[in-house]
Each structure stands twice: as structure tokens, then as C-alpha cells.
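Work through the exercises below with the model open beside you, and try each task before you read its solution.

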Amino acid sequence: METTDAVTALSALAQDNRLDVFRLLVQAGPEGMPAGAVAEALDLAPNTLTFHFDRLRMAGLVTVRREGRSMIYAAQFKTMNALLGFLTENCCGGVSCAPAVACKPARKRTKIPA
């Protein structure tokens, strides 16, 4: 992913309603959701939602397809993964920062009676 593409994607996500829409579409998976269901789930007016969908679509973060009279929006996972890769490509000097399998939860501290 190029820097300009990352800035465009981050800019599209830098608004609370658009971030909510994108996260909901990620939860819906590749099959996506009808625009009306998104509007209902997030309590957004359809005209407002159309504006947000357009910004996300122009950034390459969502796709849209028509099924009958419904517009179905879906997260574009390839773009999302490219953005995450771009953001983390130099993380920790190239060493994986992901928690190791051997990591264990911290032990609870016990209070010493006074």
C-alpha cells in the first residue's frame, strides 16, 4: 500500500459514524449487509449513511453490489489488511510484535496483611 492510499483510508475512518459503519461491515463478513440494515443498526438517516458509504467506497474500504432493490455493502478485507500491514510493517524493527503463544496472564498480586 502506498502512503497516499493509507492516508486516504485513515481519513475515511477518522469519523465516528464511518468507523462504526466499517466495523459493522467487518463483523458482517464478506457477504456484507443491506444499506437499510446498516442504517437501522446504527440509527443513521439514509441520506447521511449514503454520504459515509461514498467516502468509505472512494477509499477502497467497502464495496457495493445491487441485489434486487437493495444495495449491499461489504468491507473490502484486502484493503483493510493492506492498511494494517502498512501500519505495522516496520514494527519492532521487523520482529513480530504479536504475543507469543507462551505468554501467560499476569499473576494476581496478593496483599500482605499489615
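The exercises that follow concern a predicted model, and each solution goes step by step.

**Exercise 1. The sheet**

Work out in which order the three strands lie in the sheet, and which strands stand at the edges.

Solution. Begin with the order, which is β1-β3-β2 in an open sheet with antiparallel pairing. Next, look at the partners: β1 (33-34) and β2 (62-67) each have a single partner strand, so one side of each is left without a neighbour in the sheet, and these two strands stand at the edges. Then turn to the pair formed by β2 and β3 (residues 70-75), which run antiparallel and are joined by six bridges. Within this pair, Val64 is placed opposite Tyr73 of β3. Finally, notice that helix α2 (residues 16-28) packs on the sheet, where it touches β1, β2 and β3, and that its direction makes about 90 degrees with that of β3.

**Exercise 2. Two helices and their buried residues**

For α2 and then for α4, compare the expected span with the distance between the end C-alpha atoms, and decide how the buried residues are arranged around each axis.

Solution. Start with α2: its 13 residues, at 1.5 Å a residue, should span 18 Å, and this agrees with its end C-alpha atoms, which are 18 Å apart. Its buried residues are Arg18, Val21, Phe22, Leu24, Leu25 and Ala28. Seen down the axis of α2, these buried residues fall within an arc of 160 degrees, so they line one face of the helix. Asp16, Arg23 and Gln27, on the other side of α2, are exposed.

Now repeat the steps for α4, whose 13 residues should likewise span 18 Å at 1.5 Å a residue, in agreement with end C-alpha atoms that are 18 Å apart. In α4 the buried residues are Leu49, His52, Phe53 and Leu56. Because they cover an arc of only 105 degrees around the axis, they lie on the same side of α4, while Asn47 and Met58 are exposed on the other side. Among the elements that cover the buried residues of α4 are α1, α2, α3, β2 and β3.

**Exercise 3. The largest nonpolar core**

Find which residues touch the most other members of the largest nonpolar core, and which element gives the most to this core.

Solution. The largest nonpolar core has 23 residues, and those that touch the most other members are Val21, Leu25, Val38 and Leu61. Two or more residues each come from α1 (3-13), α2, α3 (35-42), α4 (46-58), β3 and α5 (77-88). Of the elements, α2 gives the most, namely five residues. To follow one member further, take Leu61 and leave aside its neighbours within four places in sequence: its contacts then include Ala9, Phe22, Leu56 and Thr79.

**Exercise 4. Thr63 and Asp43**

Decide whether Thr63 and Asp43 are buried, partly exposed or exposed, and state what is notable about phi of Asp43.

Solution. Thr63 lies in strand β2, and because its relative accessibility is 32%, it counts as partly exposed. Not counting residues up to four places away in sequence, Thr63 touches Ile72, Tyr73, Ala74 and Gln76. Asp43, by contrast, belongs to the loop between α3 and α4, and with 70% relative accessibility it counts as exposed. For the last step, recall that most residues other than glycine have a negative phi. Phi of Asp43 is near 55 degrees, a positive value in a residue other than glycine.

Terms used
Residues numbered from 1 in each chain as written. Predicted model: local features only at pLDDT ≥ 70, side-chain atom pairs only at ≥ 80, totals over all residues. Heavy atoms only, no water. Pairing = 2+ DSSP bridges. Helix = DSSP H or I, 4+ residues; strand = E, 2+ residues; numbered from the N terminus. Contact = heavy atoms within 4.5 Å. Axes fitted to C-alpha atoms, helices over the stretch in contact; angles between N-to-C directions. Core = buried A, V, L, I, M, F, W, Y, C linked by side-chain atoms within 4.5 Å. Buried < 20%, exposed > 50% of the residue type's maximum accessible area, 1.4 Å probe, protein only. Expected span 1.5 Å × (residues − 1). Arc of directions from axis to C-beta.
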